[in-house]
Structures are given as structure tokens and as C-alpha cells.
Amino acid sequence: MAVRVFFRSEGTVEPGGRGDEGFCEAALLCLDGLFGFAMSLARDRSAAEDLVQETYLRALSARRRADPAQNLRGWLFTILHNVWRNERRRVRPEPLGEAIRPARSAEVVWLQRTTDPEKELERGRLSESLRDAIEGLPEHFRAVIVLRGIEGFSYQEIASILGCPTGTVMSRLARGRALVRQRLAAPAARLAREAAR
Amino acid sequence: MKALDCETLGLLVHPYVDGELVGEDKEAVETHVQRCARCGAALAREQELLGSCARRARFTGRPRACARLSGACWRRPLPAPGNPGPPS
């Protein structure tokens, strides 16, 4: 893909040279994914924007030290996660296994619309439940679910981004998805009861 | 080809739906779910959940700060909204 080709074709990037053009274009293509990942970690629009901004600033200054073996997209996600982790260490750690409140930003828009109002309403409710279920997960589950289910990274790439073994990624995915399913079961049962009335 | 029991299959469901299994392991899962309705249903549920996440749980808000960063530091507009997709 284009992002990977950048490193292969450009090699060392010279400041202000043609390499910077390619770097900027390739890096900016990752913006939406990075922002989504930042939102899933921070659950606050302003904090997510700061995270993404810091990520790009660090990437820009460290672009010549980037490992060509790792694709640019994965490298940017790794930087973002490191920035977030350092920030969390500096402030207050999130307790393990906590039950978290959903903290959705009203400005964030979610995808998927249909033309059938009935179906749209139902899908809207299910999408909302799904969002709530994911947002309510502890951070270490939330991160793997977003990186795999939404961003499409492989287990190995997720392990590299999060700095943990692949086996940990697998177990967190299985446990996180089970929790999402549990959380989805309650709203689904409520909707079924409402439909039966 | 190796045969799987239901317990072992349970461990392979997520790697399978995530496309992480290849060759003999992948074939073993597919053979097992063809003859085991319970495991087949479990696999289908995981595939559905994964599909729902990909379709419905993506943030699409465009960060204003990045637009400013892009304009100020890189002197270029942001590209059209989108996602480059998973790395190849």
C-alpha cells in the first residue's frame, strides 16, 4: 500500500526535500484512524486532538529514525500509544478492571445509515449499544478491539503498537469481545421486550 | 489434517475470524464447524460482531487541531476523509 511504499521508495528523508512531501501525504492519510484510536483511549475530544497533534509533531521530528521494516501507519499508532501511556503515567493510572462510564463527545459522528426509518432506528439503537459497550470497556480491552476490529491491524502489529506479547493481544481480544457481547445482551433483551409490547 | 475438539476450536475462533489462521489450522476449523452446529453458531456470532465493529463503531470526527497543525506546520490541506485501511 502507499504508506509502505513511501519508506521503500524514499529511503532517507531530507528536510524540506521531496521526501518530506511523501512523508506528509502518507502520514496525513492516517489521520482519521489515529484520531479514532486517540478517542478510544482518551474518550475526550480535546484530549484526543492533543494526542494526535503530539503524535504528528513527534513523527515529524523523528521521521529519519523510523524503522523502515515497520510500516508508517503502524509506526504512527505506536507513537500515539506511547504518548498516551507516558501521559497516563504522568497523571493518574486507570485502575485495572474498572467499570468505566461512557464519555462520548457530542461532536463525534458515527457511521452507518439506511433509507428505511424503522431499520435506521433499530440500527441506531444497536450502534449506540455497540459504542457504549466498547467505550465502557477497560482501556486494555478497548485498545485491542479498536486496533483489530476497526483499524484492521494484525495481531503482530497490535502487539508491536501496544508493546505486549501477541498472546496477550489474543487473550485481550477474546475477553474484550466476550465483555462487549455481555454488554450488548442487556439492551438487545430490552429492545425485544419493547417490540413485544 | 488434524481434527479439533470443541474446546480447542474455542481457542481458535478469534484468530480464525481475524484472518490470522492459515493452512492446516484454518482448514481444521472449517472442517470442524461444518459438522458441529454449536461451534458453527459461535463462529458466526464472532464474525457478526467483528463486522458490526468495522461498520458501526468507527469515529469519523475530523480533529480541528490537526487541520490547524496541517496548515501551519506542513502548509497543506488535509486529505479527504477516509482510512488507508489495514496495512498490507
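Here is a short chat about a predicted model, covering one cavity, one helix and the nonpolar cores.

Me: What makes the second largest cavity a cavity?
Reply: A cavity is a set of points on a 1 Å grid over the protein atoms alone where a 1.4 Å probe fits but cannot get out. By this rule there are 2 cavities of 30 Å³ or more, and the second largest holds about 30 Å³ of space, volume being the space filled by probe spheres set on the points.

Me: How do you know which residues line the second largest cavity?
Reply: Lining residues have an atom within 4 Å of a point; here they are Ile145(A), Gly149(A), Arg177(A), Val180(A), Leu49(B), Leu50(B) and Cys53(B). Helix 3 of chain B gives the largest share, 3 residues.

Me: Why is helix 1 of chain B called a helix?
Reply: A helix is a DSSP run of H or I with at least four residues, and helix 1 of chain B (residues 6-17) has 12 residues, so the name fits. Its span of 16 Å is close to the 16 Å expected at 1.5 Å a residue, counting one less than its number of residues.

Me: What makes a set of residues a nonpolar core?
Reply: The members are buried (under 20% relative accessible area, 1.4 Å probe, protein chains only) Ala, Val, Leu, Ile, Met, Phe, Trp, Tyr or Cys residues joined through side-chain atoms within 4.5 Å. The largest such core has 52 residues, with Phe37(A), Trp75(A), Leu76(A) and Leu162(A) having the most contacts inside it. Apart from it lies another core of 14 residues, among them Leu9(B) and Leu50(B).

Residues are numbered from 1 along each chain as its sequence is written, and chains are lettered from A in the order in which they are written. Local features need pLDDT of at least 70 and side-chain atom pairs 80 or more, while totals for chains, interfaces and linings use all residues; side-chain values use heavy atoms, leaving out hydrogens and water.

Notes
1 Å grid on protein atoms, 1.4 Å probe; cavity = no way out; pocket = protein on both sides within 12 Å on 5 of 7 lines; lining within 4 Å. Helix = DSSP H or I, 4+ residues; strand = E, 2+ residues; numbered from the N terminus. Buried < 20%, exposed > 50% of the residue type's maximum accessible area, 1.4 Å probe, protein only.
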